[in-house]
Amino acid sequence: MSQAGSQPGNQPGGQPGQSATHGEGPGAPGSSAPGSSGEPTGVRWLVLVYKVPAEPTRLRAGVWRKIKGLGAIYLQNSVAALPQGPSAERSFRVLRNEIVEMGGSALLLGSEVLAGSAEIEQSFNAARNDEYEEIVDRCQDFLGQIDKEYKAEHFTYAELEENDEDLVKLRNWFAKVENRDVLAAPGKAEATAALATCEQVLDEYAARVYAEEGEGR
């Protein structure tokens, strides 16, 4: 597989741990947590091995962005992987078709890792942890914005609506990452707690807005 997919320069990046999934869960029933020995854990993978034309470069960048958007990880240059699942398979099939239509070539494989499974699963979870960490950072920004509202004494429905929209975006982002977190990355707990704090703080800010607008309960 490594020989088939080693196409230098076919995308910007592509080292294990880079992310960017759909996917409902490990494809094989009874999948288990990563084993320290690197032996098979029951998780089956979809592997996309592709080659795109060298020019124009926007084609390579476009494929790379779509693979990141799916939450896939790169095993090496031009070899991307996702835990097997119906949604992941649909997404990879669509992407494979797009690559072929742009004049490239692509193979979609379903496989079980015979050795090194722990490393692949750790790379996938690292990609999810990075996304969860970014959500935590954005939650801190959100709390900072609410704090500014208090300091500036901005207690209006307009400000409340704007902050509520920001929280909805955070919730949607979290749901997207959670949906592709099929191997239970540990970073989810911190992101969940950060989001819960944002919701509580916004509720308290809303109560202050109601009071300032003469609608206190």
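Are Trp45 and Phe124 buried or exposed? In this predicted model, both Trp45 and Phe124 are buried. Let's start with these two residues and see what surrounds them.

**Aromatic pairs**

The model has six aromatic pairs. One of them joins Trp45 and Phe124 in an edge-to-face arrangement, with 5.9 Å from centre to centre and 80° between the planes. This pair links distant parts of the chain: Trp45 belongs to strand β1 (residues 44-51), Phe124 belongs to helix α4 (residues 117-152), and the two are 79 residues apart.

Another pair brings together Tyr150 and Phe155. Their ring centres are 5.5 Å apart and their planes meet at 70°, so this pair is edge-to-face. Why does 70° earn that label? Planes over 60 degrees apart count as edge-to-face, and the angle here is 70°.

How do Tyr150 and Phe155 score for burial? Tyr150 has 29% relative accessibility and counts as partly exposed, because that label covers values between 20% and 50%. Phe155, with a relative accessible area of 7%, is buried. Together with Tyr205, Tyr150 and Phe155 form one aromatic cluster.

**Charges over rings**

Two of the rings you have just met also have the charged end of an arginine sitting over them. Here they are side by side:

| Charged residue | Ring | Distance from ring centre |
|---|---|---|
| Arg128 | Phe124 | 4.7 Å |
| Arg208 | Phe155 | 4.1 Å |

**A buried glutamate**

Helix α4, where Phe124 is found, also holds Glu131. Glu131 is at 9% relative accessibility, so it counts as buried. What does its side chain contact? The side chain of Glu131 makes a polar contact with the side chain of Arg180, at 2.2 Å.

**Nonpolar cores**

In soluble globular proteins, nonpolar side chains tend to be buried together. With that in mind, have a look at the cores in this model.

The largest nonpolar core has 30 residues, and the ones touching the most other members are Trp45, Tyr50, Ile67, Phe92 and Ile99. Which elements give two or more residues to this core? They are β1, α2 (57-69), β2 (73-76), β3 (79-83), α3 (86-101) and α4. The largest share, six residues, comes from β1, the strand that carries Trp45.

There is also a second, separate core of 23 residues, and among its members are Phe142, Leu202, Tyr205 and Ala206. You may recognise Tyr205 from the aromatic cluster with Tyr150 and Phe155.

Note on methods: Residues numbered from 1 in each chain as written. Heavy atoms only, no water. Phe/Tyr/Trp six-rings, centres within 6.5 Å; stacked < 30°, edge-to-face > 60°. Helix = DSSP H or I, 4+ residues; strand = E, 2+ residues; numbered from the N terminus. Buried < 20%, exposed > 50% of the residue type's maximum accessible area, 1.4 Å probe, protein only. Lys NZ or Arg CZ within 6 Å of the ring centre and 35° of its normal. Polar contact = N/O pair within 3.5 Å; in protein donor to acceptor, adjacent residues only side chain to side chain. Core = buried A, V, L, I, M, F, W, Y, C linked by side-chain atoms within 4.5 Å.
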